Amino acid sequence: MSETAKFILNGETYEFPVTEGSENEKGIDISKLRGQSGYVTLDPGYKNTGATESGITFLDGEKGILSYRGYSIEELAEKSTFLEVAYLLIEGELPNKEQLESFNENIRKHTLVAEDMRKFYQAFPHHAHPMGVLGSLVNSLSSFYPESQDPNRGEDAVDLTIYRLIAKIPTLAAWSHKNAQRHPVVYPKNELNYSENFLQMMFSVPSEDYKIDPVVAKALDLLFILHADHEQNCSASTVRIVGSSQANLYTSISAGISALWGPLHGGANQAVIEMLEDIKNDGGDVTKYLDKAKDKNDPFRLMGFGHRVYKNFDPRARIIKKACDDVLDALGIDDPVLDIAKKLEAAALEDPYFVDRKLYPNVDFYSGIIYRAIGIPTEMFTVMFAIGRLPGWIAQWKEMIETKQPIGRPRQIYTGANARNYVELNKR
Ligand code: CMC
């Protein structure tokens, strides 16, 4: 017999079905609660609310498990490439050789950005934050490809939009960096792979022959894989909710980029390095900053620590920590900021405040250190996260459209003034 949940409200009993996921996650389906009882559930921050059923990413925060379409993040990180993972997330299966080659080819074909878009860059001030630039430009892609306005236009049209997005995001991102420097943009070279192409658009200059370091390109590909999806987080939920109004995919992704920007989400990688630099410039006393983080009257939080879902460790952080050591060794980098990071991590992991609250370093604690080592400017860190997260956002959007999810529209409990009469301006 299938499980049910009973709610007793004012002596009345209501019964609701229990839904079970493929990894035995259980949820009470309360979608009929309001219709039957007049009550809604209240859950600020959706800490205990399943917004959807989804077959894309599984994570178990207690056990530190993360998998995409059933494949563990550890195995994908070791054996796969970013574009292979992108295909897996979007299409649901690992590609065979022909499928991967055709996917790569479709991406390669679309890496160029319309020349008219270059003029947009000139209008941004050179100090514009690259996340603001990226979000605006991704949104404006919808005006260059009006045929993409209708998310239900058919599989081929949607696929074309997906190829364009994945192909153009590194170009748009690298050009925002060039714009910040007021340097000429560098065009994509399609014989290179995805990460290599991004690196050459970021770092080559007309006067020099830029050599791509394979260690750097591999580390970047790994970081993209680790960021590729993370189920119903703030930005993925934003993409789904914007897309649920049938807004086009470019616009939905642009909304995801905006959601990612905040320091409590993807912006944490920039905030981590800024925090480590502040500690270094302030004499390197990590205890002082731990005390600040513990002080409830001080808004300071230890950036790169804690996670809404992971409560024992972040599996991505484990993989990235090793990659971080490898990259720094291979590049022969001795970074004082890294010494601060190590001291801070060791001290926090022994401190009862952090231990009791299960606050561990998350993926962003280490990703910033790698980005810094490979020469990515701090302001670009969250842009790097956005490039990696794009296939996940697309997969979440596609699943939402294909399963015909209703428009996202939460309820509220109103706590404002009761009905009152309007008072004329001269009598207030
Ligand atoms: N430093 C100090 N205290 C913290 C921190 C922190 N980084 N994170 C959580 N706490 C405390 C918090 O004050 C609260 O204490 P108390 O129970 O005494 O009130 C307790 O731990 C639980 O915190 P919460 O705010 O209820 O936890 P949450 O699940 O709502 O927040 C978080 C998760 C990631 C927003 C939060 O841990 C945080 O702000 N971390 C720093 C920012 C960061 O690194 N974000 C990147 C997350 S990983 C990338 C991604 O997937 O987006």
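Where is Tyr46 found? In this predicted model, Tyr46 sits in the loop between helix 1 (33-37) and strand 4 (57-60). The legends below start with that residue and then move on to the helices and the core.

**View 1. Two residues with positive phi, Tyr46 and Asn10, are the subject of this close-up.** Most residues other than glycine have a negative phi. Tyr46 goes the other way, with a positive phi of about 50°. Its side of the story is an open one: Tyr46 counts as exposed because its relative accessibility is 55%. Asn10 also has a positive value, with phi near 50°. You will find Asn10 in the loop between strand 1 (4-9) and strand 2 (12-20), and at 69% relative accessibility Asn10 counts as exposed.

**View 2. Tyr87 sits in helix 3 (residues 82-91) and is shown here with its contacts.** Buried or exposed, what is Tyr87? Tyr87 is buried, as its relative accessible area of 11% is under the 20% cut-off. Once neighbours within four places in sequence are set aside, Tyr87 is in contact with Gly92, Glu93, Leu94, Pro95, Gln99 and Phe103. For a sense of distance, the C-alpha atoms of Tyr87 and Leu100 are 7.6 Å apart, while the two residues are 13 places apart in sequence.

**View 3. His110 is a buried loop residue.** The loop in question runs between helix 4 and helix 5 (115-123). With a relative accessible area of 15%, His110 is buried. Its contacts beyond four places in sequence are Leu160, Tyr163, Arg164, Ala167 and Lys168.

**View 4. Helix 8 (residues 194-203) is mostly covered.** Of its 10 residues, 8 are buried. These are Tyr194, Ser195, Asn197, Phe198, Leu199, Gln200, Met201 and Met202. What covers the buried residues of helix 8? The cover includes helix 3, helix 4 (97-108), helix 7 (155-181), helix 9 (214-227) and helix 18.

**View 5. Helix 10 (residues 234-243) is shown with the helices that its buried residues pack against.** Ser235, Ala236, Thr238, Val239, Arg240 and Gly243 are buried in helix 10. Their packing partners are helix 11 (249-261) and helix 18 (381-402).

**View 6. The largest nonpolar core has 115 residues.** Ile166, Phe198, Ile253 and Leu302 have the most contacts inside this core. Helix 18 supplies the largest share, 13 residues. Leu302 makes a good place to zoom in: leaving out residues up to four places away in sequence, Leu302 touches Met275, Leu290, Ala293, Leu344, Ala348 and Phe354.

**View 7. An aromatic cluster is formed by Phe305, Tyr353, Phe354, Phe365 and Tyr366.** A search of the whole structure finds 17 aromatic pairs. In one of them, the ring centres of Phe305 and Phe354 are 5.9 Å apart and the planes meet at 70°, so the pair is edge-to-face. Phe305 belongs to the loop between helix 13 (286-294) and helix 14 (315-331), and Phe354 to helix 16 (residues 352-356), so this pair links distant parts of the chain, 49 residues apart. Phe305 is buried at a relative accessible area of 10%, and Phe354 is buried too, at 3%. Phe365 and Tyr366 make an edge-to-face pair as well, with 5.4 Å from centre to centre and 90° between the planes. Phe365 is buried with a relative accessible area of 0%, and Tyr366 counts as buried at 6%.

**View 8. Arg318 lies over the face of Phe313.** The distance to the ring centre is 3.6 Å.

**View 9. Helix 12 (residues 268-281) packs with helix 15 (residues 336-350).** Their axes are 9 Å apart, at an angle of about 95°, and the two helices are therefore roughly perpendicular to each other. On the helix 12 side the meeting residues are Ile273, Met275, Leu276, Glu277, Ile279 and Lys280. Pro336, Val337, Ile340, Ala341 and Leu344 face them from helix 15.

**View 10. Helix 17 (residues 363-373) packs with helix 18.** How far apart are the axes of helix 17 and helix 18? They are 10 Å apart, with a packing angle of about 110°, which makes helix 17 roughly perpendicular to helix 18. Asp364, Gly368, Tyr371 and Arg372 of helix 17 make the contact with Phe381, Met384 and Phe385 of helix 18.

Technical notes:
Residues numbered from 1 in each chain as written. Predicted model: local features only at pLDDT ≥ 70, side-chain atom pairs only at ≥ 80, totals over all residues. Heavy atoms only, no water. Buried < 20%, exposed > 50% of the residue type's maximum accessible area, 1.4 Å probe, protein only. Helix = DSSP H or I, 4+ residues; strand = E, 2+ residues; numbered from the N terminus. Contact = heavy atoms within 4.5 Å. Core = buried A, V, L, I, M, F, W, Y, C linked by side-chain atoms within 4.5 Å. Phe/Tyr/Trp six-rings, centres within 6.5 Å; stacked < 30°, edge-to-face > 60°. Lys NZ or Arg CZ within 6 Å of the ring centre and 35° of its normal. Axes fitted to C-alpha atoms, helices over the stretch in contact; angles between N-to-C directions. Parallel < 35°, antiparallel > 145°, perpendicular 65-115°, else oblique.
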